[in-house]
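Trainee: Please show me the model, and let us then discuss the empty spaces in it.

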Amino acid sequence: MDSLNTIPAQLDHLIITVPDLDAGVAAVEEATGLRAVPGGSHPGRGTANYLLGLTPNGWPEGAHTYLEILGPDPQQEPPADGTLPLDAHLAAEPTLQTWAIHPPAFLAKIAAANTAGIDFGEVQDMARDTAEGDRLEWRLTTRSPLPHDGAQPFLIDWGESVHPAEAALPALELLDFRVESPEPEAARQVLEVLGAGDTAVVEGPDCRLRARLRGPGGILEF
């Protein structure tokens, strides 16, 4: 399939989960030649992240998003039940765990998903401080376990906060992104309701995500 224009227009970011942040960041750097920069900690949730910019293939010039590398925060005690956001506690190796979209009418999409019977979990408010000390606040849909093993995106609304992709991040090219599902037509219908109907969906044995990212040092594939 031609990778042009398969990157959904409302893609907010991709999330890689890792069992160890330092090792995960090093693995991405070894594969791509770019080192992610510290994002921040998620207080009380047991995780922290590192970020890389993403320049999606087929998007208008200058348009960009980002890659989040999420893992256990060594500066925090893990939650009592051992569960981390976005099922990050399940990662045994760097895994393209899930993805986020930012439809322009967040609450309208929530209502439409409810009407269509789409299980997205609940809406939560979240916040973190950046490495520079700025405060980010956002709301998102969250469900554990992840819906359709992470192939169904969660919705995010950054409100008045500056989007993380606006920071000066070293950037990879996002060459290709697609969703695999054993029921591709049903997956397309869900994505249409959520606001990502332009996503490439292909048939596969399991629900999962496929992506190819390119940096100056090579290509990283999931």
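Mentor: On a 1 Å grid over the protein atoms alone, a cavity is a set of points where a 1.4 Å probe fits but cannot get out, whereas a pocket is an open set with protein on both sides within 12 Å along at least five of seven lines; lining residues have an atom within 4 Å of a point. Grid points are joined across faces, edges and corners, and a volume is the space filled by probe spheres set on the points. This is a predicted model, in which local features need pLDDT of at least 70 and side-chain atom pairs count only at pLDDT 80 or more, while totals for chains, interfaces and linings use all residues. Residues are numbered from 1 along each chain as its sequence is written, and side-chain values use heavy atoms, without hydrogens and water.

Trainee: How many cavities of 30 Å³ or more does the structure hold?

Mentor: Rolling a probe the size of a water molecule over the atoms shows where empty space is left. With a lower limit of 30 Å³, the number of cavities is 1.

Trainee: What is the volume of the largest cavity?

Mentor: Its lining includes L86, T142 and F154. The space in the largest cavity comes to about 70 Å³.

Trainee: Which residues are closest to the centre of the largest pocket?

Mentor: The largest pocket holds about 440 Å³ of space. Of its 28 lining residues, the closest to the centre are P85, L86, M126, L140 and T142.

Trainee: What is the volume of the second largest pocket?

Mentor: Residues closest to its centre include T130 and E132, among 18 that line it. The volume of the second largest pocket is about 280 Å³.
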